[in-house]
Amino acid sequence: MAVIAVYSVKGGVGKTTIAANLAWQSAVVGEKRTLLWDLDPSGGAAFLFGVEPRAKKKGAAAIFRGKEDAEEMIQPSGYWGLDLLPADDSLRGLEHSLLALGKKKRLAKLAGELSGKYERIILDCPPVLNEISAQVIRAADVVIVPLPPSPLSQRALQAIRKELAANHKQHPPILPVLSMFDARRGLHKQLRTGMPDWPVIPMSSAIEQVAERQAPLGSFAPTSPGAAAFAELWQAIEAKLEDLGAG
Ligand SMILES: Nc1ncnc2c1ncn2[C@@H]1O[C@H](COP(=O)(O)OP(=O)(O)OP(=O)(O)O)[C@@H](O)[C@H]1O
Ligand SMILES: [Mg+2]
């Protein structure tokens with residue numbers, strides 16, 4: 001089993017869109033039993049599949065306190081091999097719960113407990129730099145960081161690298177991804193020359209439609225450039241996992 005986190009300190013950079021489409025790619029194309037686990041209380045990941053969280057009294061954060069069973073909160077996505085662990089409002093208290101628990105590897109442990117059922121767990125993360133992101137980094141085999149082409153994104157990447165170096169003796173590799181890339185824009189093209197090896201996700205109306213249709217891109221526009229980009233990104237991740245001997 002391998003854990004793939006889609007993470008950035010910045011909001012609105014395409015994390016949820018990438019996590020959802022990678023999860024579909026992993027399950028439907030890669031034929032790997034996959035769980036998409038949404039850690040962001042705003043709850044976009046399951047929404048992209050038209051799935052609502054189960055009305056459990058204690059909520060998704062209770063899993064971390066051992067008060068709720070992850071498997072009971074997991075729902076089918078409607079696609080082969082792909083399940084969802086939706087977020088809900090209870091996750092707003094997750095950082096507090098994790099700090100109170102004092103178990104630094106709680107997320108890693110919970111993910112490990114699901115390894116009999118899933119070959120890939122994809123974490124959709126909130127844009128925070130706190131105990132939640134620290135747990136994500138301890139749980140992940142690889143961290144995907146979407147960065148729209150802007151000098152501010154470079155700063156976000158530096159902040160993440162700095163945090164990893166300062167607070168994690170051992171940490172998973174970071175795979176930066178140029179997200180929302182528009183080849184017609186001069187600045188985008190210019191910034192891309194500085195990072196020629198990074199996988200690219202184009203800015204496209206087809207990708208925007210994922211949220212409107214509540215369906216992964218590959219399911220309704222399999223020949224679109226966006227779908228090809230998600231497929232390529234997935235291959236890059238799988239290659240990385242193989243290099244690491246993970247999963
Ligand atoms: N490649 C793309 N092309 C066009 N629109 C995109 C692309 N990626 C994401 N979007 C749109 O941009 C918005 C933000 O994307 P998304 O929710 O995936 O970002 P996020 O990083 O998860 O945000 P948050 O930090 O709020 O969770 C959404 O409306 C989404 O549909
Ligand atoms: Mg999101």
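This passage describes the ligand shell, the nonpolar core, the helix packing and several individual residues of a predicted model.

The surroundings of ligand 1 comprise 19 residues, of which Gly11, Gly14, Lys15, Thr16 and Thr17 come nearest. Three elements, namely helix H1 (15-29), strand S7 (174-181) and helix H9 (205-213), each contribute at least two residues to this shell. Sorted by class, the shell around ligand 1 contains nine polar, seven nonpolar and three charged residues.

In soluble globular proteins, nonpolar side chains tend to be buried together. In the present model the largest nonpolar core has 68 residues, and those with the most contacts inside it are Ala5, Leu36, Ile122, Leu123, Val136, Ala140 and Ile144. The largest share of this core is supplied by H1, with seven residues, and H1 is also among the elements that each supply at least two residues of the shell around ligand 1. The contacts of Ala5, when residues up to four places away in sequence are not counted, are with Leu123, Cys125, Val136, Ala140, Val143 and Ile144.

Helix H6 (residues 131-139) is mostly covered, since seven of its nine residues are buried. The buried positions in H6 are Glu131, Ile132, Ser133, Gln135, Val136, Ile137 and Ala139. These buried residues pack against two strands early and midway in the list of partners, strand S1 (2-6) and strand S5 (120-124), as well as against helix H4 (94-101), helix H5 (106-113), strand S6 (142-147) and helix H7 (151-167). Within H6, Ser133 counts as buried because it has 23 C-beta neighbours inside 10 Å, where 20 or more are required. With residues up to four places away in sequence not counted, Ser133 touches Tyr7, Cys125 and Val128. By contrast, Asn21 lies 112 residues away from Ser133 along the chain, and the C-alpha atoms of the two are separated by 21 Å.

Two helix pairs were examined for their packing geometry. The axes of H4 and H6 come within 8 Å and cross at roughly 70 degrees, an angle that makes H4 roughly perpendicular to H6. In this contact, Leu94, Glu95, Leu98 and Leu99 in H4 meet Glu131, Ile132 and Gln135 in H6, and by class the participating residues are four nonpolar, one polar and two charged. Glu131, Ile132 and Gln135 are also listed among the buried residues of H6.

In the second pair, H1 and helix H11 (residues 225-244) pack at an angle of about 75 degrees, with their axes 9 Å apart; the two helices are therefore roughly perpendicular to each other. The residues that make the contact are Asn21, Leu22, Gln25, Ser26 and Val29 on the side of H1, and Phe230, Ala231, Leu233 and Trp234 on the side of H11. Divided by class, the residues of the contact of H1 with H11 are six nonpolar and three polar, with no charged residue.

Two residues other than glycine have a positive phi. Glu31, which is not a glycine, has a positive phi of about 55 degrees and lies in the loop between H1 and strand S2 (34-38). Glu31 is exposed because 11 other C-beta atoms lie within 10 Å of its own, and a residue with 12 or fewer is placed in that class. Met180 likewise has a positive phi, near 55 degrees, in a residue other than glycine, but Met180 is placed in strand S7 and, with 21 C-beta neighbours inside 10 Å, counts as buried. Strand S7 is also one of the elements that each supply at least two residues of the shell around ligand 1.

Two further positions illustrate the surroundings of individual side chains. Ile121, found in strand S5, counts as buried because it has 29 C-beta neighbours inside 10 Å. Leaving aside neighbours within four places in sequence, Ile121 is in contact with Met1, Val3, Leu35, Trp37, Ala111 and Leu114. Ile121 and Glu163, which are 42 residues apart in sequence, are 23 Å apart in space, C-alpha to C-alpha. Lys109, placed in helix H5, counts as partly exposed because it has 14 C-beta neighbours inside 10 Å. The C-alpha atoms of Lys109 and Arg138 are separated by 9.9 Å, although the two residues are 29 residues apart along the chain.

Methods:
Residues numbered from 1 in each chain as written. Chains lettered and ligands numbered in written order. Predicted model: local features only at pLDDT ≥ 70, side-chain atom pairs only at ≥ 80, totals over all residues. Near = placed C-beta within 6 Å. Helix = DSSP H or I, 4+ residues; strand = E, 2+ residues; numbered from the N terminus. Nonpolar A, V, L, I, M, F, W, Y, C, P; charged D, E, K, R; others polar. Core = buried A, V, L, I, M, F, W, Y, C linked by C-beta atoms within 7 Å. Contact = placed C-beta atoms within 7 Å. Axes fitted to C-alpha atoms, helices over the stretch in contact; angles between N-to-C directions. Parallel < 35°, antiparallel > 145°, perpendicular 65-115°, else oblique.
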